[in-house]
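I opened a new notebook page for this structure. My plan is to look up a few residues and write down what I find.

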Amino acid sequence: MNKILSGLLLAGMLGASAQADIVRVEMGAGAWMNEFSGTVSSTTLPAPITAEVLGYDKETKGYAWLNIKHPVPVLPNLRLEYAAVDFSGTSTAAFTYKGDAYTINTKSDLTLDQIDVIMYYNILDNTGWTTIDLGLDVKLVDLAFNASSGVNTIAETETLPIPMAYGRLRFELPGTDLGVEGNAKYTAYKNSKVTDYSIKADYTLVDILPVDVALEVGYRFQQFDIDGTDFSTETTADFEIDGVFAGATIKF
């Protein structure tokens, strides 16, 4: 997944360089300090395991995004987002997965790396200092749950494509270099529901054509209520991930 993202980012940068007069490119990267709460279990012999039992704590991981706007009205614009989400720990109590027993001090890790491929239309483009985007997001989640007690082993790996509605609202504060924005993604499918939203503020440090450099800070929240049978996966989950993030952005 990281190789795919790197290729897409490189393509965006090359495209911006070659067509700077017709394409606008923004990108950013930083760190997200997130916390996991909730449960995971198997679709067979479900016995929910809590984050507290697994011994998971806050983790700080990287994120990156790329936004490409073009002047062709009938074609959607493109936004790509990547978030590395990974938790590991040592269990504080015994637990059961697929009917197999795992003792206290079992080491495990849960990976939920995500790429969002967002196709959107610019409803307002900094009109009255306001920007509104609406579109469709395909969230690709690399889900992996691994654990070993020395006797029993868990090794679940799936890639879940999750289509979601997408919306973004941005407001530039007049007479300042400060902007605030929020974006939201949501889907409900059979017995599953996924919510992903963030709010942030950014401050432009350098505003020299054709490049703007800014700092951003915000908060992101995700809720995954996934019935494994809806996605033909072995893992069922009902959990939340949330925390603050901070990074830098550049605009061409």
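Is Lys139 buried or exposed? I looked this up before anything else, keeping in mind that the model is predicted. Lys139 has 0% relative accessibility, and because the cut-off for buried is under 20%, I entered Lys139 as buried.

Entry on the surroundings of Lys139. I placed Lys139 in strand β9, which runs over residues 130–148. Its side chain makes a polar contact of 3.0 Å with the side chain of Gln114. I then listed its contacts, leaving out neighbours within four places in sequence. Among them are the charged residues Asp116, Asp196 and Arg220. The list also holds Gln114, Gln222, Ile115, Leu160, Pro161, Ile162, Met164 and Phe224.

Entry on the cores. Which residues have the most contacts inside the largest nonpolar core? I found Phe36 and Val40, in a core of 33 residues. I followed Val40 further, not counting residues up to four places away in sequence. Val40 touches Ala47, Pro48, Ile49, Leu54, Leu110, Phe145, Thr236, Ala237 and Phe239. I also noted a second, separate core of six residues, including Met27, Leu66, Ile68 and Leu80. As a general remark, nonpolar side chains tend to be buried together in soluble globular proteins.

Entry on the surface. I next looked for nonpolar side chains on the outside. Tyr203, Leu205, Val206, Ile208 and Leu215 make a nonpolar surface patch of about 480 Å². Which strand gives the most to this patch? Strand β12, residues 192–208, does so with four residues. Leu215 sits in strand β13, residues 211–226. I checked how open Leu215 is and got a relative accessible area of 46%, so I wrote it down as partly exposed.

Entry on backbone angles. I looked for positive phi values in residues other than glycine and kept two cases. Lys98 is not a glycine, yet its phi is positive at about 55°. I found Lys98 in the loop between β6 (95–97) and β7 (100–102). Asn105 also has a positive phi, near 70°. Asn105 lies in the loop between β7 and β8, the latter covering residues 107–127.

Are these two residues buried or exposed? Lys98 has a relative accessible area of 29%, so I listed Lys98 as partly exposed. Asn105 has 54%, and since exposed means over 50%, I listed Asn105 as exposed.

Methods. Residues numbered from 1 in each chain as written. Predicted model: local features only at pLDDT ≥ 70, side-chain atom pairs only at ≥ 80, totals over all residues. Heavy atoms only, no water. Patch = residues over 30% accessible without salt bridge, like charges linked within 9 Å, V, L, I, M, F, W, Y side chains within 5 Å. Areas by Shrake-Rupley, 256 points an atom, 1.4 Å probe, with all protein chains shown as cover. Salt bridge = Lys/Arg side-chain N within 4 Å of Asp/Glu carboxyl O. Buried < 20%, exposed > 50% of the residue type's maximum accessible area, 1.4 Å probe, protein only. Polar contact = N/O pair within 3.5 Å; in protein donor to acceptor, adjacent residues only side chain to side chain. Contact = heavy atoms within 4.5 Å. Core = buried A, V, L, I, M, F, W, Y, C linked by side-chain atoms within 4.5 Å.
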